[in-house]
Amino acid sequence: SSNMKTPVMTRQSYGRSGAASHSSTPQVAGSMQGKPDRNMYIETSQRHEKLCKEVQLDDLIEFLGADWKSGWDSVNGGDFKEDIDEILGSYASKCDDDGLKMDGGKVGEKTYQVAFGVLAEAVQSHLNDSSKIKPGMYWYDTHNMHLKCDNDTTRKPDGGFTVSKRCSPSWQNLAVVVEIKGDELKNDSHWIRGQVLCDFRDMSQSEPRRFMVGLAVARHGSVRVYLYTPGRIYSASLGCLPLTAGDKATESASEVVAFLLLLHKQLAVDSGYLTRKGGIYSSHLDCSELADASKQEKPYPKIHHMCKDTYGRHRQLNAQQTWVYPVQYEAAGEKGSAFFKFQWGFKNDDEAAIHEFLLARKVPHVPKLRFSTHITAKGPESDDWVCRGEAMLIADVGRSIIGNFDGSEAPLSEAEIINIFAGYVHTLIAAAAVDADNRYVLHRDISTGNLMIKNDKSPYIIDWGYGRLCVKDEKRLLSEKQMIGTTIYMGIRILNGCLSRSVIDDLESLFLVLCHCLWVKYGKENRQYVNLWVKRDMGYVMDCRGSWLMDSESLFSDMECPGEIPEALKLLVLGMYKLLFPSSRILKSKRHDVDPRLDTFNQNEWLKVFEEAAEHVHGASMPCLEELRNYVSQPSNWHTPFSCHTEATQPCDKDKANEQSIPETPTRHGSKRQVDSLVASISKKPRL
């Protein structure tokens, strides 16, 4: 539901393949503009308060799995007592040699910075000569190093550990991040926690992580452990840095050293990346390396030339996160272009399952699924916040439709536009058709970035990650508990707080995409309804949308020269408008109202709109329109009609939905707008 806050994006390309971003709902860059400050970190911490949970150290380690728990019992249970004493002795000697004074008055950040580095190096030096554990990570002092973020900013963590000594520190290479403050701050303050959360966000900016570890050092040398697992951030008190030479054998200091030994031991085996030890950026990625791939028939696809430009929605630690990469793949002698997509999501329908359902039903214009698997996030199974990961290899289906209107790609003819959008309508209607088991699919996030076309002008709909595989007895109506979709393409009823969804809402979003595309190509500079497409705030969009939809004249009022719009496209827009807004009641629906359009939905009427538009284009081939015509003409494709009766949905969260209704407004001529008159020309056919 955080999609509602995502900005509009006219075009986003997929690196060398040129395909549009997987996410019609582009990621939120956050407030990281320019140098981050204390207030920004505090706000970040407070915003994620519900995700953060204080636990005991033993519980935190147990969340990482049995191997981590066993390793902790070993290093903290006496097996490494002599090693810990030697490390602390070496640490104390080095502190004395460097003249570090930590046993009187307030200790500053700089002193703790040096002290932690001395301890990290003492552990690593000891392990170089140890037969029990070999170094599994390598310390870097980064408090003066600008690490580049993917939104063209830089940040400087105080330190970090990488799992390879051959790589220079970067957000991608850090397995453990360290933030340090002086005695003026507690290590559980919003300031330092916000820094660690931003570190976790930047560490996963290029690729997904199954877990990430952070350490915070602050007042009195106290150390706190932060553990990120998708959907949760756990923290636990660890112990304290030894403040004087006399502290070298204390239990508190020993626990800090023991935890560093545990990190060395376990990160050498599994450092939290999807492929366990290393990142996914390699010349080859065998999909068999991903967890839970046993269900897939061998041979597994092999991925080559993974692009280091990362797309998707992943610059947040809550809600669903998605990473997408254009790749080349090879499987069973077959080669081609594809997208490798990974997403963390809460308990919901699998996108792969939706793909398989649609493909099995032969719903057109859905990309082929080459490979899919699940990866379970670490954490207690009883925790409601536990996420499940889903990795997919999806066929490359070209570029976003918006590129053919904003000048970045070759323009489409009116015949091609009609044909392509007929294909989109076919997909949405066929997906929402109830099968013998009363199952159907709603997309729920139709937007410019999810509507694709290939070079041969074949249309495709991607990103079914927010879709739902629904089961309803004689209904094609889904009741929601929250608002999902991209704000500027949400239907007017959804913006108005109605939480029931149907295929009509997907078709309304498709209509808005078509209008946006024409607005991009033909729009003038001084536009009356600019908030329709550039405002992410729901209130602005809703106010503007209500006025814009009140009569058909408004649809083209922002066009520089409406006469330049081909007549066929104007008819297409007006035809869809008349089907979607036959009454002003649609614009004023209250949150519990059932969509009145459900009772009169007729596939033939949608086909007729495209056929009438196509009549103004002579001699053009329209295969997608022909497929839609064949689909509608088959009696087997007429299913149980929509039911207009459903239980009232639960009131939505005020933080997630704007309850503002849209009043009727006078026209520019001073009289009340009459939408009903616009449908007089449409002949009503009996429902089947």
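In the predicted model, the hairpin of β9 and β10 is not the sole turn with a distinctive backbone: in the hairpin of β10 and β11, which places 2 residues between its strands, G231 adopts a positive phi near 95°. The two strands flanking this turn, β10 and β11, are paired in the antiparallel sense over 8 bridges. Within this pairing, T229 has R232 of β11 as its bridge partner. On its other side, β10 pairs with β9 in the antiparallel sense over 6 bridges, and V213 stands opposite L227 of β10. The hairpin of β9 and β10 has 4 residues between the strands, and here H220 takes a positive phi near 60°.

Strand β10 itself is largely enclosed by the rest of the structure, because 8 of its 8 residues are buried. The side chains of S222, R224, Y226 and Y228 point one way from the strand, while V223, V225, L227 and T229 point the other way. Residues on both faces of β10 are buried.

These strands belong to an open sheet of 7 strands, arranged in the order β3-β11-β10-β9-β8-β7-β4 with mixed pairing. Its edges are formed by β3 (52-54) and β4 (138-141), each of which pairs on one side only. From one strand to the next, the twist averages 25°. At the β3 edge, the pairing with β11 (residues 232-240) is parallel and extends over 3 bridges; K53 has Y234 of β11 as its bridge partner.

Two helices are associated with this sheet. Helix α6 (residues 190-203) lies across β3, β8 (174-180), β9 (212-217), β10 (222-229) and β11, and runs at about 160° to β8. Helix α7 (residues 251-267) also packs on the sheet, where it touches β7 (159-162), β8, β9, β10 and β11. The direction of α7 makes about 130° with that of β11.

A further sheet, likewise open, consists of 3 strands in the order β18-β20-β21, with antiparallel pairing. Strands β18 (399-400) and β21 (459-461) occupy its edges; each has a single partner strand, so one side of each is left without a neighbour in the sheet. Strand β18 is joined by 2 bridges to β20 (residues 451-453), and these two strands run antiparallel. Within β20, I453 stands opposite R399.

Helix-to-helix packing is exemplified by α11 (residues 503-522) and α15 (residues 567-580), which meet at an angle of about 150° with their axes 10 Å apart. The two helices are therefore roughly antiparallel to each other, and their crossing is left-handed. On the α11 side, the contact is made by I504, L507, E508, L510, F511, L514, C515 and L518. The residues contributed by α15 are L569, L572, V573, M576, Y577 and L580.

Overall, the chain contains 17 helices and 24 strands. Of its 688 residues, 59% count as buried. Among contacts between residues at least 6 apart in sequence, 69% join residues at least 24 apart. The chain exposes about 27,800 Å², of which carbon and sulfur atoms supply 46%.

Technical notes
Residues are numbered from 1 along each chain as its sequence is written. This is a predicted model: local features need pLDDT of at least 70, side-chain atom pairs count only at pLDDT 80 or more; totals for chains, interfaces and linings use all residues. Side-chain values use heavy atoms; hydrogens and water are left out. Buried means under 20% relative accessible area, exposed over 50%, partly exposed in between (1.4 Å probe, protein chains only). Contact means heavy atoms within 4.5 Å. Accessible areas come from the Shrake-Rupley method with a 1.4 Å probe; for residues, only the protein chains shown count as cover. Two strands pair if DSSP finds at least two bridges between them. Axes are lines fitted to C-alpha atoms, for helices over the stretch in contact, and angles run from 0 to 180 degrees between N-to-C directions. Angles under 35 degrees count as roughly parallel, over 145 as roughly antiparallel, 65 to 115 as roughly perpendicular and the rest as oblique. A crossing is left-handed if the near helix is turned anticlockwise from the far one by less than a right angle, and right-handed if clockwise.
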